[in-house]
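Subject: Structure for your review

Dear colleague,

Please find below the structure that I am handing over to you. My notes on its contents follow.

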Amino acid sequence: MTAEHFSDPASVAQYGENARRMVPGLTLVHELADALLSEAVPEQSRVLVVGAGGGLELAHLAEHHAGWTFDGVDPSAEMLRLAVSTLGPHADRVALHEGYVDDAPEGPFDAAVCLLTLHFLDAEERGRTLREIRRRLHPGAPLVTFHHSVPAGDVRTTWLQRWARFTAAPGTDDERIASTVATMATRLPILSPEEDEALLRDAGFRDVGVFYGALTFRGWVGTA
Ligand SMILES: C[S@@+](CC[C@H](N)C(=O)[O-])C[C@H]1O[C@@H](n2cnc3c(N)ncnc32)[C@H](O)[C@@H]1O
């Protein structure tokens, strides 16, 4: 999906199914994010979710932690509507805000997650978003991020091709794979793992480390 899909009702309707197909191990990422947050925060906690549209991680976390309340921000009204329906009975513990991190309450929050979102932001906006997240966290609170992050140089195309082939329907031809890779490379400001990690540290996060990696995806945890 590229950014414009999040305002297209037909694309949004298929979001959950597509996300699970396009992201290797997405359910495991939710479980790992849950584990990383749980090791650090009490059962009565306030969690910030940036890029909360669709509600997949919100639903997972809300289902497993009856004492957690959530604030979720996302600029797409369509994706927020989908989040409400994904959350079902858990929606009453989630305040959803249409907008960007600046539109989130000041907190302070006990933890934050930002999944499948930062690869849509250029380096400057990504850094600013991370700083604004950190500013809203208690000192020592964890942040979990997960998004496309691909080494720079010639090998970048190789990794994008591997991801495109792995997630394509059986029988997809080389031309289609090449077109998917070209779309990814031109539309998404994907950074390298080194750049992503530097942005986290520059935003003030400590003890930054990778908790998951699969093809073009990487996930990090750090503390405010
Ligand atoms: C691929 S979806 C991920 C949704 C959800 N986090 C998940 O993992 O299923 C990316 C979301 O990021 C939102 N988004 C785009 N730019 C954003 C920004 N600057 N701040 C917060 N959310 C943003 C989009 O509207 C979209 O809902």
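A residue is taken to be near the ligand if one of its heavy atoms lies within 4 Å of it. Please note that this is a predicted model.

The ligand has 17 residues around it, and those that come nearest are Tyr-15, Gly-51, Glu-57, Asp-74 and Leu-115. The shell is made up of eleven nonpolar, four polar and two charged residues.

Three side chains deserve mention for their polar atoms. In Tyr-15, such an atom lies 2.6 Å from an oxygen atom of the ligand. For Asp-74, an N or O atom of the side chain is likewise 2.6 Å from a ligand oxygen atom. In Thr-117, a polar side-chain atom is placed 3.4 Å from an oxygen atom of the ligand. The ligand taken alone exposes 590 Å², of which the protein buries 93%.

Turning to the aromatic residues, the model holds five aromatic pairs. In one of them, the ring centres of Phe-6 and Tyr-15 are 6.5 Å apart and the ring planes stand at 65°, so this pair is edge-to-face; planes over 60 degrees apart are classed in that way. Ring pairs also join Phe-6, Tyr-15 and Phe-120 into a cluster. Phe-6 counts as buried because its relative accessibility is 16%, and Tyr-15 is buried as well, at 11%; the cut-off for buried is under 20%.

Finally, two arginines sit over rings. The charged end of Arg-46 is 4.6 Å from the centre of the Phe-109 ring, while Arg-162 lies over the face of Trp-159, 4.4 Å from the ring centre.

Yours sincerely

Note on methods
Residues are numbered from 1 along each chain as its sequence is written. This is a predicted model: local features need pLDDT of at least 70, side-chain atom pairs count only at pLDDT 80 or more; totals for chains, interfaces and linings use all residues. Side-chain values use heavy atoms; hydrogens and water are left out. A polar contact is a pair of N or O atoms within 3.5 Å; within protein, one must be able to donate a hydrogen and the other to accept it, and residues adjacent in sequence count only if both atoms are side-chain atoms. Accessible areas come from the Shrake-Rupley method with a 1.4 Å probe; for residues, only the protein chains shown count as cover. Ala, Val, Leu, Ile, Met, Phe, Trp, Tyr, Cys and Pro count as nonpolar, Asp, Glu, Lys and Arg as charged, and the others, Gly among them, as polar. Rings of Phe, Tyr and Trp (its six-membered ring) pair if their centres lie within 6.5 Å; planes under 30 degrees apart count as stacked, over 60 as edge-to-face and the rest as tilted. Buried means under 20% relative accessible area, exposed over 50%, partly exposed in between (1.4 Å probe, protein chains only). A charge sits over a ring if NZ of Lys or CZ of Arg is within 6 Å of the ring centre and within 35 degrees of the ring normal.
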